[in-house]
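Here are my notes on the structure, set out as numbered points. They move from the overall layout to the sheet, then to the core and some single residues, and end with the helix.

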Amino acid sequence: MSVVVYSSTDPPIPCKCGTFPKIGDTFYYTSKYSGDVVIGIVGNLPLPTSIISTKGVIYKNNEIELKPLHVIRGEKLNDLGI
């Protein structure tokens, strides 16, 4: 297993969806080993190239996809029957 070290001077890397993560965003990550989709919440942004989930797992920005806010709103409205 290799370790990749990033410096804080690295330019920001967008997510697979082309946007930049913010704390509290919901994200999706497809596991390289099982193929399962992991759903998480951005908890911290230590570097412009990676995030830390609220569970403490580090993900590279180019490996995750963010869920757009309008999709989350639509799902909540559907749950409420509106």
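1. Helices and strands are taken here as DSSP runs, a helix having at least four residues and a strand at least two, and they are numbered from the N terminus. On that basis the elements of the protein chain follow the order β-β-β-β-β-α from the N terminus on, with one helix and five strands. The model is a predicted one, and every remark below should be read with that in mind.

2. As to overall dimensions, the C-alpha atoms of the protein chain fill a box of roughly 50 × 30 × 20 Å along the principal axes. Of the 82 residues in the protein chain, 24% are buried, and the chain exposes about 5,900 Å², of which carbon and sulfur atoms supply 59%. Where contacts between residues at least 6 apart in sequence are considered, 46% of them join residues at least 24 apart.

3. The five strands form an open sheet in the order β4-β3-β2-β1-β5, with antiparallel pairing. Its edge strands are β4, residues 58-60, and β5, each of which pairs on one side only. From one strand to the next, the twist averages 50°.

4. Strand β1 can be followed through its pairing with β2 and with β5. With β2, which covers residues 37-47, β1 pairs in the antiparallel sense over five bridges; within this pairing T30 stands opposite V37, and Y28 stands opposite I39. With β5, the pairing of β1 is again antiparallel and runs over three bridges, and here I64 is the bridge partner of Y29.

5. The hairpin of β1 and β2 has six residues between the strands, and in it G35 takes a positive phi near 80°. S31 also belongs to the loop between β1 and β2. Is S31 buried or exposed? S31 is buried, because its relative accessible area is 16% and the cut-off for burial is under 20%. The C-alpha atoms of S31 and I52, which are 21 residues apart along the chain, are separated by 16 Å.

6. Which residues make up the largest nonpolar core? The set has eight residues in all, namely C15, F27, Y29, V42, I51, Y59, I64 and L66. Strands β1 (26-30) and β5 (64-66) each supply at least two residues of this core. Two of the members listed, Y29 and I64, are also bridge partners in the pairing of β1 with β5.

7. L66, a member of that core, has its place in strand β5. With a relative accessible area of 9%, L66 falls under the 20% limit and is therefore buried. Leaving out residues up to four places away in sequence, L66 touches C15, C17, T19, F20, P21, D25, T26 and F27, and two of these, C15 and F27, are themselves listed in the core. The C-alpha atoms of L66 and D25 are separated by 6.9 Å, although the two residues lie 41 residues apart along the chain.

8. V42 and I41 deserve to be read side by side. V42 belongs to the largest nonpolar core, and, apart from neighbours within four places in sequence, V42 is in contact with P21, K22, I23, G24, D25, F27, I51, I52 and T54. I41 lies in strand β2 and counts as partly exposed, because its relative accessibility of 39% lies between the limits of 20% and 50%. With the same sequence neighbours set aside, the contacts of I41 are G24, D25, F27, I52, S53 and T54. The C-alpha atoms of I41 and P21, 20 residues apart along the chain, are separated by 10.0 Å.

9. How many residues of helix α1 are buried? Among the 12 residues of α1 the count is one, and the helix is hardly covered. The length of α1, which runs over residues 69-80, agrees with expectation, because at 1.5 Å a residue the helix should span 16 Å and its end C-alpha atoms are 17 Å apart. Just after α1, G81 takes a positive phi of about 80°.

Key
Residues numbered from 1 in each chain as written. Predicted model: local features only at pLDDT ≥ 70, side-chain atom pairs only at ≥ 80, totals over all residues. Heavy atoms only, no water. Core = buried A, V, L, I, M, F, W, Y, C linked by side-chain atoms within 4.5 Å. Buried < 20%, exposed > 50% of the residue type's maximum accessible area, 1.4 Å probe, protein only. Contact = heavy atoms within 4.5 Å. Pairing = 2+ DSSP bridges. Axes fitted to C-alpha atoms, helices over the stretch in contact; angles between N-to-C directions. Expected span 1.5 Å × (residues − 1). Areas by Shrake-Rupley, 256 points an atom, 1.4 Å probe, with all protein chains shown as cover.
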